[in-house]
Amino acid sequence: MSVSKRDYIIPSAHLAELYHNRYHDGSYLAQKVEHIVQDGFYRSIELPIIEKKKDRQRILKALSIPSSRIGNVIVWSGLYAAEHALDINSTDESVRRKSVDVIKKLIEESCECGSGNFGVVSGKNVGILEKSDAYRALIKSLTELTKFAKEHKQNLIFEALEKFSGRRALLGTSEDTYEMMEILKPELPSIYFCFDTAHAALNREVIYNGLEHMSKFVGCVHLSNAVLDPEDPLYGDNHMQPGLPGFLTVKNAACLINKAWQMGLNKEKGLLVCTELRQSDEVDESRMQECFSVASDFLKQIILEFSVREF
């Protein structure tokens with residue numbers, strides 16, 4: 001039995017982005033989780049690595065109160081991986097092994113804050129002569145990590161990044177990612193794909209086509225805006241506000257969700273949808289909630305547009 005249109009979108013708050021200048025501060029993020037639980041709009045949260053045990057325990061306590069509507073937690077390792085030079089598709093086996101071992105420890109710790117999903121991202125692109133070895137390394141790492149996460153009652157969520165700009169990751173386009181997921185998914189049903197609209201668009205794809213292509217693997221959607229003109233100074237994956245001058249408007253986002261609905265994507269439980277909007281690191285304390293408010297309002301507009309509009 002499928003959920004109704006009204007309940008199809010499961011709003012998710014990406015705290016590492018919404019409070020980017022404080023994402024190292026586990027105590028601060030735990031406080032924000034407490035506020036989100038009390039507010040009641042969000043039904044999912046997405047966290048960075050929470051390094052202190054007391055902060056993980058505080059988050060779990062907040063999520064465990066009877067009135068909490070948070071039914072999903074994702075812990076993302078991307079920012080941590082970048083800071084600590086982790087690369088799960090490195091062709092240097094010692095780097096790959098170290099990266100996997102560190103991430104396994106992070107998976108164990110994430111259980112303490114109620115995580116049911118652990119997110120990893122693609123590593124660096126390599127030269128054409130090493131590409132096959134890098135793909136083999138990535139498949140090996142994802143196999144090991146998915147099995148380990150399952151032992152700890154978690155799904156593994158893989159996010160492909162920009163291939164042609166910014167981080168210039170190995171993965172990458174929907175076509176390449178699809179081929180890899182086709183290899184992994186039959187033996188590893190607990191691995192899923194995070195569809196990021198900015199990454200798809202910056203990889204020169206039509207986002208609706210990219211979502212349809214990857215639909216049988218998608219576990220969550222990140223609504224991320226970007227300027228797509230390479231000559232524009234704002235070009236790239238800057239996690240900017242929705243709307244112009246980027247491509248992601250309320251109408252475009254609602255059309256994308258409607259596409260997912262029509263395909264029957266996660267129709268039984270609903271689709272995790274997050275506005276991925278990054279707070280400026282220069283914002284002062286009096287404006288700390290602005291990014292959160294913009295992201296929340298954008299999601300609410302999409303829910304309304306999706307629910308009442310005839311597509």
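These are my notebook entries on helix packing, cavities and pockets in a predicted model.

**Entry 1: H6 against H7**

I began with helix H6, residues 93–110, and helix H7, residues 131–151. I found their axes 10 Å apart, packed at an angle of about 20°. Angles under 35 degrees count as roughly parallel, and I therefore noted H6 and H7 as roughly parallel to each other. I recorded the crossing of H6 past H7 as right-handed.

I then listed the residues in contact. From H6 they are Glu-93, Arg-96, Arg-97, Val-100, Ile-103, Lys-104, Ile-107 and Glu-108. From H7 they are Ala-137, Lys-140, Ser-141, Glu-144, Leu-145, Phe-148 and Ala-149. Sorted by class, this contact has seven nonpolar, one polar and seven charged residues.

**Entry 2: H7 against H8**

I stayed with H7 and looked up its packing with helix H8, residues 174–184. The two axes come within 11 Å and cross at roughly 45°. That angle makes H7 oblique to H8. I noted that H7 passes H8 in a right-handed crossing.

On the H7 side I wrote down Tyr-135, Leu-138, Ile-139, Leu-142 and Thr-143. They meet Asp-176, Met-180, Ile-183 and Leu-184 in H8. I counted the contact of H7 with H8 by class as seven nonpolar, one polar and one charged residues.

**Entry 3: H8 against H10**

Next I followed H8 to helix H10, residues 207–214. Their axes come within 10 Å and cross at roughly 5°. The small entry in my margin reads that this makes H8 roughly parallel to H10. H8 brings Ser-174, Glu-175, Thr-177, Tyr-178 and Met-181 to the contact, and H10 brings Gly-210, His-213 and Met-214. I sorted these into three nonpolar, four polar and one charged residues.

**Entry 4: the largest cavity**

How many cavities of 30 Å³ or more does a search of the whole structure find? I noted two. The largest has a volume of about 60 Å³.

I copied out its lining: Ala-160, Gly-172, Thr-173, Ser-174, Phe-193, Phe-195, Asp-196, His-199, Ala-200, Asn-203 and Glu-205. The elements giving two or more residues to this lining are strand S6 (191–196) and helix H9 (197–202). S6 gives the most, with three residues. By class I have four nonpolar, five polar and two charged residues around the largest cavity. I also marked that Ser-174 is on this lining list and on the H8 side of the contact with H10.

**Entry 5: the second largest cavity**

I put the volume of the second largest cavity at about 40 Å³. Ile-49, Ile-50, Arg-56, Val-75, Leu-106, Glu-109, Ser-110 and Cys-113 line this cavity. Which helix supplies the largest share of the lining? I found that H6 does, with three residues. The lining divides into five nonpolar, one polar and two charged residues.

**Entry 6: the largest pocket**

I turned from cavities to pockets. The largest pocket holds about 640 Å³ of space. I noted 32 lining residues, and the closest to the centre of the pocket are Gly-78, Ala-82, Val-121, Leu-161 and Arg-167.

I then checked which elements supply at least two residues each. They include helix H2 (15–18), helix H5 (78–83), H6, strand S4 (117–121) and strand S9 (236–240). The largest share, four residues, comes from H5. By class, I recorded 14 nonpolar, nine polar and nine charged residues in the lining of the largest pocket. H6 thus turns up again: I had it in the lining of the second largest cavity, and I have it here in the lining of the largest pocket.

**Entry 7: the second largest pocket**

My last entry is on the second largest pocket, with about 410 Å³ of space. I noted 15 residues in its lining, and Gly-219, Asn-266, Lys-269, Gly-270 and Leu-272 lie nearest its centre. Strand S5 (155–159) and strand S7 (218–223) each supply at least two residues of this lining. The classes are five nonpolar, seven polar and three charged residues.

Technical notes. Residues numbered from 1 in each chain as written. Predicted model: local features only at pLDDT ≥ 70, side-chain atom pairs only at ≥ 80, totals over all residues. Heavy atoms only, no water. Axes fitted to C-alpha atoms, helices over the stretch in contact; angles between N-to-C directions. Parallel < 35°, antiparallel > 145°, perpendicular 65-115°, else oblique. Left-handed = near helix turned anticlockwise from the far one by under 90°. Contact = heavy atoms within 4.5 Å. Nonpolar A, V, L, I, M, F, W, Y, C, P; charged D, E, K, R; others polar. 1 Å grid on protein atoms, 1.4 Å probe; cavity = no way out; pocket = protein on both sides within 12 Å on 5 of 7 lines; lining within 4 Å. Points joined across faces, edges and corners; volume = space filled by probe spheres on them.
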